[in-house]
Amino acid sequence: MIEIPFITEAFGYILNLCYKLVPNYAIALLFFALIIKILLFPLGIKQQKNMVKQASLRPKEQAIRNRYAGRTDKVTQQKMQQEIMNLYQEEKFNPMGGCLPMIIQLVIVFSIYAAAVNPLRYVCHIPADNINNISVKIVELYHNGELDIEDAVSESTANSIKKQAESIGEDGSTTNVKSPFVNKHSIEIVNILKKNGVEKFRGDGMLGESFRDKDLPDFTIFGGSFDLSRTPSIQHFDWLMMIPLLTFLFTFASMKLTKKFTYQPAESTGDAAISMKLMDYTMPLISTVFTFSVPAVVAVYWIYQNIFSTLQQFVLKLMFPYPTFTEEEYKAAEREMNKGIKQPKSIKKSGGRSAHRIDLDDGAPADSGENTAPAKGRASGLVPPAALKDESDRKPDDSE
């Protein structure tokens with residue numbers, strides 16, 4: 001996972017401030033997610049302006065697509081895409097202009113995630129080395145039978161603690177012990193400290209002497225009825241299974257609504273349309289599967305993000321609406337884009353084009369002067385009609 005330390009540190013201070021204002025981690029994450037969205041709003045504005053610029057080119061782009069309507073061979077499609085790219089260049093529009101804000105936001109999201117799943121580091125401001133020492137101490141105390149981890153950690157973390165405990169030497173050496181907590185998640189460490197008390201983890205580069213149990217983050221909601229520090233599990237079907245379900249529903253709804261508020265360049269057809277429909281379900285499913293490997297509070301943060309992202313896109317659409325065009329404006333754009341492009345008469349009358357070839361004169365100016373008709377026949381690649389055979393001397397009773 002990409003993580004920029006100084007960005008993570010900055011977000012950690014914001015999260016810490018939210019937690020001080022509202023001493024509940026789940027609610028603090030709600031305010032944290034809102035603040036982050038406000039801070040990143042300028043990037044959203046840049047993306048929206050880029051999409052508005054693309055939407056303003058819709059009539060001209062549609063004119064190019066109409067010119068190649070019905071022609072689905074690879075060569076023709078490449079030619080069409082090239083003409084669209086040429087149009088973008090002429091209008092000084094960069095279709096990749098919205099990618100940089102997306103990449104920046106992605107890196108920031110990773111840093112936000114790191115801050116959210118490491119409350120000891122970014123809320124309690126315990127140094128990383130101290131947290132690692134606490135992890136080793138947990139393994140040592142478990143090995144000595146002095147620590148209770150039941151219902152405090154996930155099954156995978158419990159197995160990892162047991163495995164690391166076996167690596168402790170007969171002399172009690174912990175040199176070979178590694179942190180049993182996956183991806184440096186310190187939420188489960190908090191649970192162990194709450195269950196066993198912080199007294200066992202003071203000194204020796206771990207917790208300070210002034211650190212108390214009440215200084216640990218609170219992950220419970222509804223008066224302590226639900227603990228969001230736990231990880232949902234299919235093996236233990238309880239109220240936590242609501243978290244994956246809500247994650248799927250909110251992610252699916254967010255994607256659908258965001259599509260309505262976002263400019264769609266062209267309607268996908270064929271395999272592309274099928275892929276887009278599958279994406280509407282696969283992305284929420286991937287998010288749902290992810291919730292079974294992290295504490296529930298992380299999934300709650302993801303739900304907050306989906307809600308605020310949808311609201312942001314709605315606000316951006318109101319601030320920078322996409323242009324709309326009349327039928328006459330589409331026709332005017334088509335006349336402008338097709339000016340000087342010669343088409344065979346038969347195709348003009350039918351309103352269509354050959355689905356089996358690219359006309360050799362696509363994009364070429366029309367011929368003038370004499371021999372116009374023969375030139376059209378040659379340039380367009382159309383086969384001239386065969387001469388009729390003179391059968392006037394044929395007898396009625398002749399047979400072939």
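1. On the surface of this predicted model, Leu245, Leu249, Phe250, Ile307 and Leu311 together make a nonpolar patch of about 440 Å². Helix 11 (242–261) and helix 13 are the elements that give two or more residues to the patch, and the largest share, three residues, comes from helix 11. A patch here is built from residues with over 30% relative accessible area and no salt bridge, where nonpolar side chains (Val, Leu, Ile, Met, Phe, Trp, Tyr) are joined within 5 Å and like charges within 9 Å. Accessible areas come from the Shrake-Rupley method with a 1.4 Å probe, and for residues only the protein chains shown count as cover. One member of the patch, Leu245, is found in helix 11 and counts as exposed because its relative accessibility is 52%; the terms are buried for under 20% relative accessible area, exposed for over 50%, and partly exposed in between (1.4 Å probe, protein chains only).

2. Some notes on how to read the model come next. Residues are numbered from 1 along each chain as its sequence is written, and side-chain values use heavy atoms, with hydrogens and water left out. Since this is a predicted model, local features need pLDDT of at least 70 and side-chain atom pairs count only at pLDDT 80 or more, whereas totals for chains, interfaces and linings use all residues.

3. Taken as a whole, the protein chain has 16 helices and two strands, these being DSSP runs numbered from the N terminus (helices are H or I with at least four residues, strands are E with at least two). Of the 400 residues in the chain, 40% are buried. The chain exposes about 23,500 Å², and carbon and sulfur atoms supply 59% of that area. Among contacts (heavy atoms within 4.5 Å) between residues at least 6 apart in sequence, 72% join residues at least 24 apart.

4. Which residues have the most contacts inside the largest nonpolar core? They are Leu29, Phe32, Leu120, Ile138, Ile192, Leu193 and Phe201, in a core of 60 residues. Several helices give two or more residues to this core, among them helix 1 (5–21), helix 2 (25–39) and helix 6 (99–117), while the largest share, eight residues, comes from helix 13. A nonpolar core is a set of buried Ala, Val, Leu, Ile, Met, Phe, Trp, Tyr and Cys residues joined through side-chain atoms within 4.5 Å. In soluble globular proteins, nonpolar side chains tend to be buried together.

5. Leu193 deserves a look of its own. Leaving aside neighbours within four places in sequence, Leu193 is in contact with Leu120, Ile134, Val198, Phe201, Leu207, Asp213 and Leu216. There is also a second, separate core of ten residues, which includes Met80, Leu87, Phe93 and Met337.

6. The count of salt bridges comes to seven, where a salt bridge is a side-chain nitrogen of Lys or Arg within 4 Å of a carboxyl oxygen of Asp or Glu. In one of them, the side chains of Lys60 and Glu91 meet at 2.9 Å, N to O. This pair links distant parts of the chain, 31 residues apart, with Lys60 in helix 4 and Glu91 in the loop between helix 5 (74–90) and helix 6. Glu91 is partly exposed, because its relative accessible area is 25%, and Lys60, Glu91 and Glu336 are linked in a network of salt bridges.

7. Is Glu61, in helix 4, buried or exposed? Glu61 lies in helix 4 (residues 58–67) and counts as buried, because its relative accessibility is 2%. Its side chain meets that of Arg65 in a salt bridge (2.9 Å, N to O); the two residues are four apart in helix 4, so they are separated by about one helical turn. Arg65, in contrast to buried Glu61, is partly exposed at 22%. Not counting residues up to four places away in sequence, Glu61 touches Ile84, Leu87, Tyr88 and Pro265.

8. Another salt bridge joins the side chains of Glu83 and Arg67 (2.5 Å, N to O), a pair 16 residues apart that links helix 5, which holds Glu83, to helix 4, which holds Arg67. Glu83 counts as buried at 17% relative accessibility, and Arg67 is buried as well, with a relative accessible area of 6%.

9. A disulfide is a covalent bond between the sulfur atoms of two cysteines. With the cut-off of a pair of cysteine sulfur atoms within 2.5 Å, a search of the whole structure finds zero disulfides. Cys18 is buried, with a relative accessible area of 4%, and Cys124 is buried at 18%.
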